[in-house]
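The following exercises concern burial, helix geometry and charged pairs in a protein chain. Each task is followed by a solution in steps.

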Amino acid sequence: MTDDTSNVIQSLSVAEVADVELYHPKSWITKYVFSQDAKIIAIQYSITALSIGLVALVMSWLMRLQLGFPGLLSFIDADSYYQFMTMHGMIMVIYLLTALFLGGFGNYLIPLMLGARDMVFPYVNMLSYWVYLLAVLVLVASFFVPGGPTGAGWTLYPPQAILATTPGKQWGIIVMLVSLMLFIVGFTMGGLNYVVTVLQGRTRGMTLLRMPLTVWGIFTATVLALLAFPALFVGSVMMLLDRVIGTSFFMPAIVSMGEQLPYGGGSPILFQHLFWFFGHPEVYIVALPAFGIISDLISTHARKNIFGYRMMVWALVAIGALSFLVWAHHMYVSGMHPAFGYFFATTTLIIAIPTAIKVYNWVLTLWRGDIHLTVPMLYALAFIVTFVNGGLTGLFLGNVVVDVPLSDTMFVVAHFHMVMGIAPIFAIFGGIYHWYPKVTGRLLSDTLGKLHFWVTFLGAYAIFFPLHYVGLMGVPRRYYEMGEMAFVPPSTATLNAFITVVALIVGAAQLVFVFNLVRSLRRGRPAGGNPWGATTLEWQTPQTPPGHGNWGKTLPVAYRWAYDYSVPGAAQDFLPQNQPPVPRTA
């Protein structure tokens with residue numbers, strides 16, 4: 001792709017709207033706590049999300065210990081196991097991944113990459129974080145209510161979720177639903193900021209097709225979330241009413257423990273439709289920002305312009321649109337009509353096409369590039385490999401005939417974690433290693449970074465590749481204890497023990513990452529303004545870290561697209577977006 005800038009100086013008009021005076025903090029509290037600066041809010045989101053993510057990590061350890069060494073820890077009974085499973089899944093998908101990609105990366109990068117001083121609505125942006133924090137605190141409070149947190153599984157399917165025999169039926173499910181509703185309210189405030197800032201807050205010359213793909217990924221994911229989260233919100237409200245005042249939106253006439261419950265006429269399948277209408281776009285709410293981040297990492301660290309930029313943009317948009325047409329492939333075993341199974345299997349296969357386009361373009365970007373195997377680049381390459389591997393197993397599960405026997409096995413756990421867990425986490429790590437110098441002015445330790453990468457990458461494959469085999473052998477998921485099953489070979493028990501040991505090692509390796517973050521704040525090497533030689537605007541700020549308002553007195557002007565690397569005849573191997581073109585001579 002080329003971006004002709006020969007006449008750009010003459011074509012740029014004066015700014016249509018004068019600079020708006022930003023709110024200037026009056027104290028330490030208004031600068032760093034109740035901050036309206038998107039950069040501070042991004043750090044708040046990131047610290048909160050990573051902190052609650054560590055809680056989910058510990059719960060995954062406890063589950064693995066029970067599966068690998070049954071009965072080793074006496075306090076892990078059936079109830080606590082299902083509570084750990086529910087909280088681990090919900091925290092990782094909603095409170096960590098969604099919050100970190102959109103609230104963390106979105107808040108920090110959107111204004112800087114677009115040449116804006118801040119988000120369009122800074123006060124609302126501040127509120128979005130505090131409502132998110134409230135949602136996290138309410139979620140954590142479920143560990144301390146009578147009966148503990150809900151053990152209904154992270155999908156919260158009724159009628160199980162509110163029956164007396166389910167762990168956390170007393171208060172756990174109520175607290176979970178209230179927390180989800182708060183999260184959605186907070187996200188809506190932030191999401192509207194992201195969308196309006198992208199559409200209205202760009203600097204002069206920053207057309208939509210000059211935006212970095214990171215911004216495109218976050219923008220598209222935000223639009224998906226604004227359309228998909230209302231389904232989860234409505235489902236949460238309806239289930240809360242079923243639980244608290246005895247309505248029957250999802251609860252059919254049912255007998256529990258020999259007693260006829262006062263419900264009748266509700267449809268559990270209705271909740272599944274509402275949940276997965278949110279749940280499958282949620283996969284891409286997480287994946288699309290990861291796609292954008294990986295695109296920028298590859299282009300920067302391979303010193304090569306992204307291959308097929310416009311095709312990449314349209315692939316993001318196509319994936320987002322198609323993600324709303326595939327939700328019921330999660331419900332093949334719910335008894336749907338075969339015609340619907342055919343439709344959802346077909347759309348599931350079709351969505352692989354724009355996803356494959358992105359993979360092809362990444363590979364072609366790498367082709368003959370000047371690849372620098374920095375830590376961000378290692379994570380970018382790991383993401384591509386992992387997402388492709390996870391996507392291939394997704395093609396199996398998208399087929400009705402194959403999905404039905406595999407639906408309730410560990411194969412689904414392995415696939416889901418490769419696509420929705422490991423691959424996005426690799427993108428997050430790559431993004432943090434890449435942009436940490438901009439946030440702090442310091443470089444992370446390369447030695448510790450590579451140690452963290454190799455243990456995490458190899459360990460993740462040592463965990464989830466064997467888990468595919470365990471699933472193919474028929475080992476069911478969601479079981480607290482397997483016992484003796486005639487159809488399950490003894491090798492699966494050995495593999496479960498091996499997977500558990502590796503999971504403990506990989507989890508402990510994340511402490512290396514946390515240590516690296518904290519240590520490098522003061523002892524890391526000074527990074528300078530643009531340590532990677534990147535072209536995008538966030539690396540061209542007059543200060544590092546950027547000050548309040550990002551750009552000093554004058555906003556930058558975008559003269560070119562975001563990927564001018566290895567330009568023939570240029571003085572250096574990259575041209576920043578704000579570098580004016582040399583006028584052509586006659």
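**Exercise 1. Classify Asp446 and Lys450 by accessibility, and describe how they are paired.**

Solution. The model is a predicted one. Asp446 has a relative accessibility of 39% and counts as partly exposed, since this class lies between 20% and 50%. Lys450, with a relative accessible area of 31%, is likewise partly exposed. Next, consider their positions: both residues belong to helix H15, four residues apart, about one turn of the helix. An α-helix has 3.6 residues a turn, so residues three or four places apart point the same way. Finally, the side chains of Asp446 and Lys450 form a salt bridge, at 3.4 Å from N to O.

**Exercise 2. Determine which residues the salt bridges of Asp408 join into one network.**

Solution. Begin with Asp408 and Arg477, whose side chains meet in a salt bridge of 3.7 Å, N to O. This pair links distant parts of the chain: Asp408 lies in the loop between H13 and helix H14, Arg477 in the loop between helix H15 and helix H16, 69 residues apart. Then add Arg478, which forms a salt bridge with Asp408 with the closest N and O atoms 3.4 Å apart. Here the separation along the chain is 70 residues, and Arg478 is in the loop between H15 and H16. Now compare burial. Asp408 is partly exposed at 42%, and Arg478 is partly exposed at 37%. Arg477 is buried, with a relative accessible area of 18%, because buried means under 20%. In conclusion, shared partners join Asp408, Arg477 and Arg478 into one network.

**Exercise 3. Establish how the buried residues of helix H10 are arranged around its axis.**

Solution. Helix H10 spans residues 338-350, has 13 residues and reaches 18 Å from its first C-alpha to its last, close to the 18 Å expected. Its buried residues are Gly341, Phe344, Ala345, Thr347 and Thr348. Viewed down the axis of H10, these fall within an arc of 165 degrees, so they line one face of the helix. The cover over them includes helix H11 (352-366) and helix H13 (400-406).

**Exercise 4. Is Ser256 buried or exposed, and which residues does it touch?**

Solution. First locate Ser256: the residue is in strand E1. Its relative accessibility is 11%, so Ser256 counts as buried. Leaving aside residues up to four places away in sequence, Ser256 touches Leu163 and Leu261.

Methods. Residues are numbered from 1 along each chain as its sequence is written. This is a predicted model: local features need pLDDT of at least 70, side-chain atom pairs count only at pLDDT 80 or more; totals for chains, interfaces and linings use all residues. Side-chain values use heavy atoms; hydrogens and water are left out. Helices (H or I, at least four residues) and strands (E, at least two) are DSSP runs, numbered from the N terminus. The expected span of a helix is 1.5 Å times one less than its number of residues. Buried means under 20% relative accessible area, exposed over 50%, partly exposed in between (1.4 Å probe, protein chains only). The arc is that of the directions from the helix axis to the C-beta atoms. Contact means heavy atoms within 4.5 Å. A salt bridge is a side-chain nitrogen of Lys or Arg within 4 Å of a carboxyl oxygen of Asp or Glu.
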